[in-house]
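Please walk me through this structure, stop by stop. I have it open in a viewer and would like to know what to select next and what is there.

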Amino acid sequence: MNLPRTSRRSFLKSTLAAGVAPLFLPSHIWSAETKPNDRLALGFIGCGRQSQGLLGGFLGKAETQTVAVCDVDTNRRENHKKMAEEHYAKAAGTDSYKGCTAYNDFRELLARKDVDAVVIATPDHWHALIAIAAAEAGKDIYCEKPLTETIHEAWTLVGAVRKNNRVFQTGSMQRSSREFHTACELVRNGVIGKISRVEAGFGGPARPCDLPGEDAEPGLNWDLWLGPAPMRPYNSILSPRGVHKNFPAWRDYREYGGGGVTDWGAHHLDITQWGLGADDSGPLEVTPPADWEKAKSGVKLRYANDVEVKHVTENGIAFFGGDGEVYVNRGKIRVTLKGAEKAKFVAKEDQPPLATQLDALEKEFLADPKVKLYASTDHKQDFLDAIKSRKRPIADVEIGARSVTGCHLINLAYYHGQRMEWDPVNHNFTGGTGDPKWLTREYRGNWKV
């Protein structure tokens with residue numbers, strides 16, 4: 001990966017070793033405060049709505065210390081800094097605390113020797129470049145889903161993480177929720193028989209960005225927000241100024257995200273592949289719907305054993321087996337077996353409570369399972385535990401890459417309307433289908449993966 005020069009900073013005076021962190025830096029970076037009590041020092045890159053929740057969660061972990069935050073928007077990064085310092089002041093019983101530095105450029109944060117791990121929650125088009133740079137800089141990484149903007153980026157990132165022996169947690173936190181774990185163990189242990197098909201429900205594909213230009217307010221580095229994406233005038237829909245409570249719509253546009261397909265799809269296709277035991281493989285064939293030019297659902301993926309996964313609009317995942325069905329979504333589960341309803345919690349009025357129904361399912365069907373899946377009840381803690389053990393966490397980088405690869409293939413079917421054969425081992429098209437150019441994207445300037 002190549003990172004460009006930035007005229008704003010004199011510290012980028014040399015080429016980047018292995019294409020990542022700068023070699024020459026201002027003295028204030030090297031003299032930054034050492035983390036207290038030998039806690040794990042965290043840096044946050046991207047300080048928007050999603051990152052606010054992540055920061056709050058990690059601040060609650062006593063073994064961590066947030067020492068740095070970074071965002072191209074002044075207000076957002078200063079808000080993160082304030083959140084961290086107010087938390088530590090309150091914990092220490094003092095009026096104020098100073099020890100969290102705010103940065104505009106992620107390369108400055110990555111250059112700090114005292115930062116052990118980073119939490120990346122930028123728009124999707126930045127994920128791969130920052131995460132690869134973090135791996136090369138020797139940081140462990142928690143990166144939000146969808147993992148990358150392209151298939152090529154996903155597998156380049158996997159290589160960088162493996163080469164540098166980094167711990168990497170993809171933010172596919174549904175794997176750390178009990179209802180999804182139970183549902184997938186039911187499926188993997190054959191409780192509903194041989195799986196023939198799955199319906200995975202999430203939003204539709206992204207569209208090219210056609211937003212009009214607006215006057216940019218001071219305090220936002222718009223050029224750095226765009227980074228590898230094409231240059232275009234500022235628009236507040238892409239990056240609302242200040243500390244906003246909504247999730248900005250940049251994800252709806254192909255230049256910055258993959259629409260609902262990669263947004264919610266990175267969650268639900270992830271669970272689909274967990275249930276199918278496809279974490280080390282992927283789809284073999286992708287078929288678009290007949291009305292692909294305007295369709296928002298209908299793409300079909302074919303997996304091993306001729307299992308068909310269809311993209312539908314109803315949110316959630318439904319596994320169909322020879323003996324029954326398992327439907328699961330956040331806080332919801334429905335299980336039918338040979339015509340009998342074994343569990344149903346899909347609405348607030350359904351009783352008994354979800355936990356009670358999960359207890360009953362596990363007692364009846366999973367007391368001694370042949371297939372026992374990785375269990376996590378806290379996605380952030382699982383990441384921290386993996387850092388200590390140096391073992392792979394529940395949503396390791398390769399799992400994130402497999403999940404986002406499936407999502408990108410779905411989008412490519414909507415974008416190009418072609419049936420594609422896929423090799424999940426070598427991550428390329430086969431049988432004379434597809435176009436290798438679809439696996440990557442054009443990068444602006446010297447930003448490259």
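Here is a short tour of a predicted model, from its sheet to its pockets and a few unusual spots in the backbone.

**Stop 1: the sheet.** Switch to a cartoon view and look for the open sheet of ten strands. Going across, the order is β14-β13-β12-β11-β7-β10-β9-β8-β15-β16, and the pairing is mixed. Now colour β14 (340-345) and β16 (428-430), which stand at the edges. Each has a single partner strand, so one side of each is left without a neighbour in the sheet. Turn the view and you can follow the twist, which averages 20 degrees from one strand to the next.

**Stop 2: two strands inside the sheet.** Select β7 (residues 195-201) together with β10 (residues 308-312). These strands run parallel and are joined by five bridges. To see one pairing up close, pick Glu-199: its bridge partner in β10 is Lys-310.

**Stop 3: helices on the sheet.** Keep the sheet visible and add helix α10 (residues 265-276), which packs on it. α10 touches β7, β9 (300-302), β10, β11 and β12, and its direction makes about 25 degrees with that of β11. Next, add helix α7 (residues 178-188). This helix lies across β7, β11 (316-321), β12 (324-329) and β13 (332-337), and runs at about 160 degrees to β12.

**Stop 4: the largest pocket.** Show the surface and select Gln-50, Ala-121, Thr-122, Pro-123 and Trp-250. Of the 42 residues lining the largest pocket, these lie nearest its centre. The elements that give two or more residues to this lining are α2 (49-59), α5 (124-136) and α8 (222-226). The pocket has a volume of about 700 Å³. If you colour the lining by class, you will find 20 nonpolar, eleven polar and eleven charged residues.

**Stop 5: helix α5.** Stay with α5 for a moment. How many of its 13 residues are buried? Twelve are, so α5 is largely enclosed by the rest of the structure. Among the buried ones are Asp-124, His-125, Trp-126 and His-127. After the helix comes Gly-138, with a positive phi near 85 degrees.

**Stop 6: the second largest pocket.** Now select Thr-150, Arg-254, Tyr-415, Thr-440 and Arg-441. They lie nearest the centre of the second largest pocket, which is lined by 22 residues and holds about 610 Å³ of space. Helix α13 (residues 397-416) supplies the largest share of this lining, five residues. By class, the lining has nine nonpolar, seven polar and six charged residues.

**Stop 7: backbone surprises.** One thing to keep in mind here: most residues other than glycine have a negative phi, and most peptide bonds are trans.

- Zoom in on Pro-146, in the loop between β5 (140-143) and α6 (151-163). The peptide bond from Lys-145 to Pro-146 is cis, with omega near -10 degrees.
- Move on to Pro-352, in the loop between β14 and α11 (354-365). The bond leading to Pro-352 from Gln-351 is cis too, with omega near 0 degrees.
- Pick Asn-305, in the loop between β9 and β10. Asn-305 is not a glycine, yet its phi is positive, about 65 degrees. Its relative accessible area is 66%, so it counts as exposed.
- Finish at Arg-390, in the loop between α12 (379-389) and α13. Arg-390 has a positive phi of about 65 degrees although it is not a glycine, and at 40% relative accessibility it counts as partly exposed.

Notes
Residues are numbered from 1 along each chain as its sequence is written. This is a predicted model: local features need pLDDT of at least 70, side-chain atom pairs count only at pLDDT 80 or more; totals for chains, interfaces and linings use all residues. Side-chain values use heavy atoms; hydrogens and water are left out. On a 1 Å grid over the protein atoms alone, a cavity is a set of points where a 1.4 Å probe fits but cannot get out, and a pocket is an open set with protein on both sides within 12 Å along at least five of seven lines; lining residues have an atom within 4 Å of a point. Grid points are joined across faces, edges and corners, and a volume is the space filled by probe spheres set on the points. Helices (H or I, at least four residues) and strands (E, at least two) are DSSP runs, numbered from the N terminus. Ala, Val, Leu, Ile, Met, Phe, Trp, Tyr, Cys and Pro count as nonpolar, Asp, Glu, Lys and Arg as charged, and the others, Gly among them, as polar. Buried means under 20% relative accessible area, exposed over 50%, partly exposed in between (1.4 Å probe, protein chains only). Two strands pair if DSSP finds at least two bridges between them. Axes are lines fitted to C-alpha atoms, for helices over the stretch in contact, and angles run from 0 to 180 degrees between N-to-C directions. Contact means heavy atoms within 4.5 Å.
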